[in-house]
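Work through the exercises below with the sequence and the structure open beside you, and try each task before you read its solution.

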Amino acid sequence: MSSGFPKQYYLHRGGGVAKTPPVGSACNPRYHRLLLIWPGAAHVLILLAAPLLAGAGAPGAPTQLTRLTLPFEGIWGVIQGTGSGQTHVGYAAFALDFVPAQPKSDRPPPRGAPLTAFACYGRPILAPADGTVVRVSARARDWPAYVEGTGDGNFVIIQHAKNEFSELRHLKANSVTVAAGQRVRRGQIVGRCGNSGNAKTPHLHIALLSSVAPIATRRFAFSGYEVLTPGGHFQPGDGEPKAGQLVRTAGRPGAAATDRRP
Ligand SMILES: [Zn+2]
């Protein structure tokens, strides 16, 4: 695969900020002490633990039973990949942050801009596979953009198989459309992109969990998606979207962020 970034788009990077474990997770004091002593320790721990935590393809690890598809329509990009060392560390090591790709002609929202100025805000977020909703938080507020938000925010966790749950976070206030116990179908709208919880600007945080209490992300793969090359054409993805990649559901020409349907 060629490297580089398609020139016609950009990704607005605000991303997650806080390090507080979300609801259902166990705060691990030892882990935090290590962070205080030596920030690099977290990375070493993740590298050492990765073979044990890894999912599909990793020797001795359980294979991924659930076929996960992209939880959005159109062209989006990864603004924080797995094991980023930013906020995707520890229990969140295998999470991905996405925002819609925006044409270069769109100007990034300035400080003080309303949330509605952000391409992600209000975009539908879709169930990545069939399953049963097991946890929902729907009453959190959206923080203003560029504020370092705190709290668990609005989220949906869907169980797809034993030890396979997808989590979708930072959902918009009052946008969650599903309840715990409800069956959902792949592609069903579960909420809309927002700026709740530990987010700085609107984006979607998604991960596959092996455990909900405590929250534990695991390595995972998406199916049926394509990556936009710097040359401007789409090619099949390898299953694990990387930081900086632009992706869309395979075979479904997707518009960029100008096509926003709030
Ligand atoms: Zn995230």
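**Exercise 1. Find which residues Arg 67 is in contact with, leaving aside its neighbours within four places in sequence, and decide whether Arg 67 is buried, partly exposed or exposed.**

Solution. Once the neighbours within four places in sequence are set aside, Arg 67 is in contact with Ala 129 and Ser 223. Next, take Ala 129, which is 62 residues away from Arg 67 in sequence, although the two C-alpha atoms are 6.6 Å apart in space. To place Arg 67 in the fold, look at the loop between helix H2 (40-53) and strand E2, where this residue is found. Finally, count the other C-beta atoms within 10 Å: there are 14, and because a residue needs 20 or more to be buried and 12 or fewer to be exposed, Arg 67 is partly exposed.

**Exercise 2. Work out how far the model as a whole can be relied on, using its pLDDT.**

Solution. Start from the fact that this is a predicted model, so that each residue carries a confidence score from 0 to 100. The average pLDDT of the protein is 82, and 76% of the residues score at least 70. Then look at residues 16-61, where the pLDDT is below 50, although this stretch has 61 contacts in the model beyond near neighbours in sequence. With that in mind, turn to the overall content, which is two helices and 15 strands. Of the 262 residues in the protein, 45% are buried, and among contacts with a separation of 6 or more, 71% are between residues 24 or more positions apart.

**Exercise 3. Trace the strands that pair with E2 and with E15.**

Solution. Begin with strand E2 (residues 76-80), in which five of five residues are buried. On one side of the bookkeeping, E2 is joined to strand E3 (residues 96-100) by four bridges in an antiparallel arrangement, and in this pairing Val 78 stands opposite Phe 98. E2 is also joined to strand E15 (residues 246-249), again antiparallel, by two bridges. Within that pairing, Trp 76 stands opposite Val 247, while Gly 77 has Leu 246 as its bridge partner. Now follow E15 onward to strand E13 (residues 225-228), with which it pairs in the antiparallel sense over three bridges; here the bridge partner of Tyr 225 is Thr 249.

**Exercise 4. Identify which residues touch the most other members of the largest nonpolar core, and which strand gives the most to this core.**

Solution. The largest nonpolar core has 54 residues, and those that touch the most other members are Phe 98, Ile 125, Val 156, Leu 168, Val 190, Leu 204 and Ala 207. The strand that gives the most to this core is E11 (residues 204-211), with five residues. As a worked case, take Ile 125, whose contacts beyond four places in sequence include Pro 71, Phe 72, Leu 168, Val 190 and Leu 204. As background, nonpolar side chains tend to be buried together in soluble globular proteins.

**Exercise 5. Examine the backbone at Tyr 146, His 170 and Pro 214, and say what is unusual there.**

Solution. The rule to hold in mind is that most residues other than glycine have a negative phi, and that most peptide bonds are trans. Tyr 146, in the loop between strand E6 (131-137) and strand E7 (154-161), has a positive phi near 75°. His 170 also has a positive phi, near 70°, but its place is in strand E8 (residues 164-171). Their surroundings can be compared by counting C-beta neighbours inside 10 Å: Tyr 146 has 16 and therefore counts as partly exposed, whereas His 170 has 31 and therefore counts as buried. The last step concerns the peptide bond between Ala 213 and Pro 214, which is cis, with omega about 5°; Pro 214 is found in the loop between E11 and strand E12 (216-218).

**Exercise 6. Decide whether Pro 110 is buried or exposed, and state where it is found.**

Solution. Pro 110 is in the loop between strand E4 (102-103) and strand E5 (124-126). Because Pro 110 has 9 C-beta neighbours inside 10 Å, it counts as exposed. Its C-alpha atom is separated by 9.5 Å from that of Ala 145, which is 35 residues away along the chain.

Key: Residues are numbered from 1 along each chain as its sequence is written. This is a predicted model: local features need pLDDT of at least 70, side-chain atom pairs count only at pLDDT 80 or more; totals for chains, interfaces and linings use all residues. Two strands pair if DSSP finds at least two bridges between them. Two residues are in contact if their C-beta atoms, placed from the backbone, lie within 7 Å. A nonpolar core is a set of buried Ala, Val, Leu, Ile, Met, Phe, Trp, Tyr and Cys residues joined through C-beta atoms within 7 Å. pLDDT is the predictor's confidence in each residue, from 0 to 100.
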